[in-house]
Amino acid sequence: MNEFCAGVKILLERMKSNPEDFEMLDFNAATFKSIEGRFYDFAKSLTKVISCDDDKDISWQQWRYFTEEERQALIAGFKEMKRTKFDKETMERVFDEQYIERQRMEHQYKAQLQVHQIQAAQIRAQTAQAFQAAQAQTQYPGMSAQTATGFKGGGLMDSVALGLGGFFK
């Protein structure tokens, strides 16, 4: 067996000691931003390698520089790390009395988050439309705001209209 390069040795050891380095640590659905572990990009690449049937389909350039022994060790280490995580999660579910309740609450939170995101988008769109109507009224004083922008006013925008001197009525 050939000696592994230092990078492969480090990755294999980190898979055992710090598997969280190979995962997405947090994801904010509102901003679509994530916090990724140190080697998350490596984990994504290795996942693709494992799922490829042909080496020609592998887009990860560094993969081609590893020896066959290093490749096999990385795949085996990654799979072992994933199996260990699966075992841990399974055991947590088996012995966790509150699992179902947490799942229900998480689902409810995600549903509420989606509703809030939709409402925020609607408010942003209505505010932009109100701003355009106000600009049109300023630029073209003889034209009605409805003609200039297609905005009819009413609903949530009544309060905005009052704040802008009633341009939308």
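This tour moves through the structure stop by stop, saying what to select and what is found there.

**Before selecting anything**

The model is predicted, so local features are given for pLDDT of at least 70 and side-chain atom pairs count only at pLDDT 80 or more, while totals for chains, interfaces and linings use all residues. Residues are numbered from 1 along each chain as its sequence is written, and side-chain values use heavy atoms, with hydrogens and water left out.

**The whole chain**

Show the protein chain as a cartoon, and you can follow six helices and two strands, which run α-β-β-α-α-α-α-α from the N terminus on. Helices here are DSSP runs of H or I with at least four residues, and strands are runs of E with at least two, numbered from the N terminus. Of the 169 residues in the chain, 22% are buried, where buried means under 20% relative accessible area, exposed means over 50%, and partly exposed lies in between, with a 1.4 Å probe and protein chains only. If you turn on a surface, the accessible area of the protein chain comes to about 12500 Å², and 55% of that belongs to carbon and sulfur atoms; such areas come from the Shrake-Rupley method with a 1.4 Å probe, and for residues only the protein chains shown count as cover. Among the contacts in the chain with a separation of 6 or more, 41% join residues 24 or more positions apart, a contact being heavy atoms within 4.5 Å.

**Phe4, ahead of the first helix**

Select Phe4, which sits in the segment before helix H1 (6-17). Phe4 has a relative accessible area of 17% and is therefore buried. Beyond its neighbours within four places in sequence, Phe4 is in contact with Lys9, Leu12, Glu69, Glu70 and Ala73. Although Thr67 lies 63 residues away along the chain, its C-alpha atom is 8.2 Å from that of Phe4.

**Ala73 and helix H3**

Move on to Ala73, one of the contacts of Phe4, which has its place in helix H3. Ala73 counts as buried because its relative accessibility is 17%, and, residues up to four places away in sequence aside, it touches Phe4 and Leu12. Val8 is 65 residues from Ala73 in sequence, yet the two are 8.5 Å apart, C-alpha to C-alpha.

Now select the whole of H3, residues 68-95, whose 28 residues reach 41 Å from the first C-alpha to the last, close to the 40 Å expected at 1.5 Å a residue; the expected span is 1.5 Å times one less than the number of residues. Buried residues in H3 include Leu74, Ile75, Gly77, Phe78 and Met81, and their cover includes H1 and helix H2 (40-51).

**Helix H2**

In H2, the residues to colour as buried are Tyr40, Phe42, Ala43, Leu46 and Val49. What covers them includes H1, E1, strand E2 (33-36) and H3. The twelve residues of H2 should span 16 Å at 1.5 Å a residue, and the end C-alpha atoms are 17 Å apart, which agrees.

**Phe22 and the nonpolar core**

Select Phe22 in the loop between H1 and strand E1 (24-28); at 1% relative accessibility, Phe22 counts as buried. Away from residues up to four places off in sequence, Phe22 touches Leu11, Arg14, Met15, Phe39, Tyr40, Phe42, Ala43 and Met81. The C-alpha atoms of Phe22 and Asp41 are separated by 7.7 Å, with their positions 19 residues apart along the chain.

Next display the largest nonpolar core, in which, of 18 residues, Met15, Phe22, Phe42, Leu46, Trp60, Trp63 and Leu74 touch the most other members. H1, H2 and H3 are the elements that give two or more residues to this core, and H3 gives the most, with five. A nonpolar core is a set of buried Ala, Val, Leu, Ile, Met, Phe, Trp, Tyr and Cys residues joined through side-chain atoms within 4.5 Å.

**The largest pocket**

The last stop is the largest pocket, with a volume of about 260 Å³. Of its 14 lining residues, Met15, Pro19, Met81, Thr84 and Lys85 are the closest to its centre. H1 and H3 are the elements that give two or more residues to the lining, and H3 gives the most, with eight. On a 1 Å grid over the protein atoms alone, using a 1.4 Å probe, a pocket is an open set of points with protein on both sides within 12 Å along at least five of seven lines, and lining residues have an atom within 4 Å of a point. Grid points are joined across faces, edges and corners, and the volume is the space filled by probe spheres set on them.
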